[in-house]
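Q: Please take a close look at one part of this model. I should like a connected account of the contacts found there and of how the neighbouring elements are arranged.

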Amino acid sequence: MHILLTGGAGYIGSHTYIALVQAGFTPVILDDFSNSSPLVLERLERITGRAVLCERGSIADVPFVKALLERLQMQAVIHFAGFKAVGESVAQPLKYYDNNVAGTTHLLQAMDATACRTLVFSSSATVYGDPVSVPITEDFARGHTNPYGHSKLVIEDMLAALQNSDPSWKVAVLRYFNPVGAHPSGLIGEDPRGTPNNLMPYVAQVAVGRRPFLNVYGNDYPTEDGTGVRDYIHVQDLALGHVQALKTLKANGKSLTVNLGTGRGYSVLDVVRAFEKASGKPIAFEFAPRRQGDVAQCYASTTLANQLLNWTAQLGLDAMCTDTWRWQSANPNGFE
Ligand code: NAD
Ligand code: UD1
């Protein structure tokens with residue numbers, strides 16, 4: 001069964017590609033490499049032992065996507081493609097509305113025109129804005145604090161309207177919490193361009209000597225050690241969540257919206273300590289003021305994903321750090 005992976009050369013898409021191959025699907029990557037390296041493709045070939053099907057192009061190119069969906073008789077689309085840097089979205093909002101919202105509209109037009117109406121979408125815990133409490137269940141009020149988050153919210157609403165207009169659309173909205181870690185081979189992993197915005201890649205770059213120290217944003221939050229608490233989820237578990245979502249959509253045809261997290265929160269200092277243990281390297285850090293837009297705590301209720309997808313995250317913080325370190329130490333400059 002051919003499955004189109006938009007943004008499949010990126011961090012989460014590349015890990016999901018492997019999980020799909022291992023589950024017996026035939027994934028096909030569509031990527032414009034605006035935030036990834038074509039070198040990932042040969043790594044995927046080494047890991048899976050088979051040639052990678054990949055088309056270079058944009059989700060916004062409707063004739064091109066239509067032709068691709070038709071030619072390979074694609075059964076579903078897993079839609080990862082989009083921009084994801086929060087700070088950049090504040091500085092360049094139109095870039096985000098164009099690629100994320102308009103890009104998705106064009107992808108959906110191509111899918112509709114070819115009657116390929118099964119979609120798994122990469123949403124984010126960012127759609128909960130500043131949650132009133134934790135753990136976060138899927139029925140919490142949604143909100144946004146930046147154009148990136150708003151783009152995810154608008155896409156979720158667009159998908160709801162589409163299903164309302166035509167029940168033949170089957171959509172799984174997956175709200176990821178904090179994806180981290182890497183494939184255990186150490187051949188692929190997260191490779192941020194420029195200074196990492198997120199904690200785990202920053203810590204990894206300190207450990208490997210690319211950055212002198214970590215700024216810990218805030219030590220006066222109402223949490224156990226005063227630093228921010230997040231639900232870090234291993235990208236390998238996340239990848240399996242996509243396989244389960246696809247199987248569930250195909251089996252019972254019911255659309256769904258679920259959190260993909262572990263249900264457990266760790267503080268910034270927990271992550272620093274776990275990474276020191278995994279890497280054997282000291283992680284220098286300094287306390288800095290809170291980062292604008294950050295919340296004190298954010299972690300998922302995982303009950304609905306367990307029920308609907310028959311899926312539970314298996315890997316803990318130690319595996320997340322060990323696998324990140326294997327990737328980072330073997331590839332200090334990422335795919336360069
Ligand atoms: P990523 O940047 O590594 O991967 C995205 C891929 O999409 C890249 O390979 C990029 O080249 C490609 N792309 C971008 N625009 C495109 C276009 N118009 N046409 C074709 N390809 C295009 O990001 P990721 O971390 O793998 O995230 C995947 C998805 O998950 C994104 O939609 C992101 O918003 C969402 N998400 C990510 C996180 C996270 O922490 N990584 C958290 C929540 C949600
Ligand atoms: C960030 C984004 C969110 C996005 C998510 C996953 C913001 C405000 N939010 O969330 O929209 O969905 O990434 O991509 O950017 N931290 C440090 N030092 C650092 C980096 C982070 O102390 O150099 C702290 C943060 O303050 C936070 C924790 O580490 O407490 C996790 O940060 P991060 O990895 O950026 O994820 P989120 O803040 O959850």
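**Ligand 1 and helix α1**

A: A nitrogen atom of ligand 1 lies 3.3 Å from an N or O atom in the side chain of S58. The model is a predicted one, and the distances quoted here are computed from its atoms. Ligand 1 is surrounded by 26 residues, of which D31, N35, S36, K84 and Y148 are the closest. Backbone atoms contribute as well: an oxygen atom of ligand 1 is 3.1 Å from a backbone N or O atom of S34, and a backbone N or O atom of Y11 is found 2.9 Å from an oxygen atom of the ligand.

Y11 leads from the ligand to helix α1, which comprises residues 11–22. Y11 is also one of the α1 residues that meet helix α8.

The account therefore turns to packing, since two packed helices are described by the angle between their axes and the distance between the axes. For α1 and α8 (residues 235–252), the axes come within 8 Å and cross at roughly 60°. An angle of 65 to 115 degrees would count as roughly perpendicular and one under 35 as roughly parallel, so α1 and α8 are oblique to each other. Their crossing is right-handed. On the α1 side, Y11 is joined by I12, H15, T16, A19 and L20; the α8 side consists of V235, Q236, L238, A239, L240, H242, V243 and L246. By class, this contact holds ten nonpolar and four polar residues, with no charged residue.

Helix α1 has a further partner in helix α2, residues 39–48. Here the axes come within 11 Å and cross at roughly 30°, which makes α1 roughly parallel to α2. The crossing of α1 and α2 is right-handed. From α1, the residues S14, Y17, I18 and V21 make the contact, and from α2 the residues V40, L44, I47 and T48. Six of the contact residues are nonpolar, two are polar and none is charged.

In summary, Y11 has a backbone N or O atom 2.9 Å from an oxygen atom of ligand 1 and also takes part in the contact of α1 with α8. Helix α1 is oblique to α8 and roughly parallel to α2. Charged residues are absent from the contact with α8 and from the contact with α2.

Notes
Residues numbered from 1 in each chain as written. Chains lettered and ligands numbered in written order. Predicted model: local features only at pLDDT ≥ 70, side-chain atom pairs only at ≥ 80, totals over all residues. Heavy atoms only, no water. Axes fitted to C-alpha atoms, helices over the stretch in contact; angles between N-to-C directions. Helix = DSSP H or I, 4+ residues; strand = E, 2+ residues; numbered from the N terminus. Parallel < 35°, antiparallel > 145°, perpendicular 65-115°, else oblique. Left-handed = near helix turned anticlockwise from the far one by under 90°. Contact = heavy atoms within 4.5 Å. Nonpolar A, V, L, I, M, F, W, Y, C, P; charged D, E, K, R; others polar. Near = heavy atom within 4 Å. Polar contact = N/O pair within 3.5 Å; in protein donor to acceptor, adjacent residues only side chain to side chain.
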